[in-house]
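User: Hi! I have a structure open and would like to talk it through with you. Could you be my guide?

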Amino acid sequence: MYSRGKEKTWKFFVMLCGLLMIALPIAIGVFLAIKGNALFYHYHHTLWEFLFTTTWKLKDDLTGGGQGGAAVFIVGSLIVCGLALLIAVPFSLAAAIFMTEIAPKTGNRILRPAVEIFVGIPSVVYGWIGMTVLVPALQSLFHLKTGRSVLAGGIVLAIMIFPSITTVAADAIRAVPASARMAAYGLGATRWQVIHQIVMPAAKTSVLTGVILGLARAFGEALAVAMVIGKTPAFPKGIFGQTATMTTVIASRMAELMEGSEAKAGLWTIAFVLYLISLLFIFLIHLIAAKGAKKES
């Protein structure tokens, strides 16, 4: 048996780890806020200009005087990630239903391991395949000048978030009690009626959590999207148009800019916006979970 001294030591160690996990994201947020605020307090840009104007021409020096409108990058991120969700969610839910309700043995033996393989593939591989296979295919199929487009970025992101949403949705569906299914079958319901009217409503809260987690990953992805979407700082004219996202502009320019310059301060501000979006996703997940628990009670 552990002595009282060892128990206190382990208790202190666990508490320290917990406090570290709380302090680390707070420290990251404070750091990004300090770095990003230089755009407003040192270079005298306004929040309105940053959020609602489209010209991004910040100077790579300490004098300032450039234009810092990030609306293109914010809207570009929303469009690409929204398109990725529209593509990924139906396939993810269909795959989750298949391997839990339709063919659980086949799903657990074949489909689930295949989905887990997608999780382990590095994002640069997705981007490379998208650039060498998907982009030329879209260019040839739709007779475009270039296949780099919002559609290409949405497809690549959809493939990347597919396993996350599928795994969470499958676990949520599997957690629905078998007694609920048996009761519905006993009343004469068909399998599809059970899935549509019993299983999916019961698993809705956890499924929405999986969708939000997938969206969070899509917002944070930079390399794969940058390789297939192009770097045009303009609003896309359609799904075949090019644009830029918040993560792509950070990944492509952060290393080459002078420390403390107006342009780098602008990138730190974009990074802080991404951090706030991540906090929003976490808040939404907890809000959905709280509402689901309230309904169950």
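Analyst: Happy to; below we go from the overall layout to the core, the aromatic pairs and a few single residues. Keep in mind that this is a predicted model.

User: Good to know. Which secondary structure elements does the chain have?

Analyst: The chain has eleven helices and two strands. Reading from the N terminus, the order is α-α-β-β-α-α-α-α-α-α-α-α-α.

User: And what are the dimensions?

Analyst: The C-alpha trace spans about 75 × 70 × 35 Å along its principal axes. The accessible surface is about 16700 Å², and carbon and sulfur atoms account for 71% of that surface.

User: How much of the chain is buried?

Analyst: Of its 297 residues, 42% count as buried.

User: What about contacts across the sequence?

Analyst: Taking contacts between residues at least 6 apart in sequence, 68% join residues at least 24 apart.

User: Quick one on charge: how many positive and negative side chains are there?

Analyst: There are 24 positive and 12 negative side chains, and the centres of the two sets lie 9 Å apart.

User: OK, on to the core. How many residues are in the largest nonpolar one, and which have the most contacts inside it?

Analyst: The largest nonpolar core has 60 residues. Those with the most contacts inside it are Phe50, Trp56, Phe73, Leu157, Phe219, Met246 and Ile270.

User: Which elements give two or more residues to it?

Analyst: Helices 1, 3, 5, 6, 8, 9, 10 and 11 each give two or more residues to this core. Helix 11 supplies the largest share, with 13 residues.

User: Is there a second core, and what does it include?

Analyst: There is a second, separate core of 15 residues. Among its members are Ile97, Met99, Ala169 and Val207.

User: Back to Phe219 for a moment. What does Phe219 touch?

Analyst: Leaving out residues up to four places away in sequence, Phe219 touches Ser77, Leu78, Cys81, Met246, Thr247, Leu274, Ile277 and Phe281.

User: Phe281 is another aromatic, I see. How many aromatic pairs are there in the whole structure?

Analyst: A search of the whole structure finds nine aromatic pairs. One of them is Trp10 with Phe13, whose ring centres are 5.8 Å apart with planes at 90°.

User: Why is that pair called edge-to-face?

Analyst: Planes over 60 degrees apart count as edge-to-face, and the rings of Trp10 and Phe13 are at 90°, so the pair falls in that class. The two residues are three apart in helix 1, so about one helical turn separates them. Phe13 has a relative accessible area of 44%, so this residue is partly exposed.

User: And how do the rings of Phe219 and Phe281 sit?

Analyst: Their centres are 5.6 Å apart and their planes are at 55°, so the pair is tilted. This pair links distant parts of the chain, with Phe219 in helix 8 and Phe281 in helix 11, 62 residues apart. Both Phe219 and Phe281 are buried.

User: Staying with helix 8, is Thr209 buried or exposed?

Analyst: Thr209 has 15% relative accessibility, so this residue counts as buried. Apart from residues up to four places away in sequence, Thr209 touches Ile285 and Ile288.

User: Let's change helix. What does Ala158 contact?

Analyst: Ala158 lies in helix 6 and is buried, with a relative accessible area of 5%. Beyond its neighbours within four places in sequence, Ala158 is in contact with Ala84, Ile87 and Ala88. The C-alpha atoms of Ala158 and Ala88 are separated by 4.8 Å, although the residues are 70 apart along the chain.

User: And where is Ile129 found?

Analyst: Ile129 is found in helix 5 and counts as partly exposed, at 46% relative accessibility. The C-alpha atom of Ile129 is 9.1 Å from that of Val156, which is 27 residues away along the chain.

User: Last topic: backbone angles. Which residues should I look at?

Analyst: Two to look at are His44 and His143. Phi of His44 is near 60°, a positive value in a residue other than glycine. His143 is not a glycine either, and its phi is positive at about 55°.

User: Where are they, and are they buried or exposed?

Analyst: His44 is in the loop between helix 1 and helix 2 and counts as exposed, at 64% relative accessibility. His143 is in the loop between helix 5 and helix 6, and at 72% relative accessibility His143 counts as exposed too.

Methods:
Residues numbered from 1 in each chain as written. Predicted model: local features only at pLDDT ≥ 70, side-chain atom pairs only at ≥ 80, totals over all residues. Heavy atoms only, no water. Core = buried A, V, L, I, M, F, W, Y, C linked by side-chain atoms within 4.5 Å. Buried < 20%, exposed > 50% of the residue type's maximum accessible area, 1.4 Å probe, protein only. Helix = DSSP H or I, 4+ residues; strand = E, 2+ residues; numbered from the N terminus. Contact = heavy atoms within 4.5 Å. Areas by Shrake-Rupley, 256 points an atom, 1.4 Å probe, with all protein chains shown as cover. Lys, Arg positive; Asp, Glu negative; His and termini not counted. Charge placed at Lys NZ, Arg CZ, Asp CG, Glu CD. Phe/Tyr/Trp six-rings, centres within 6.5 Å; stacked < 30°, edge-to-face > 60°.
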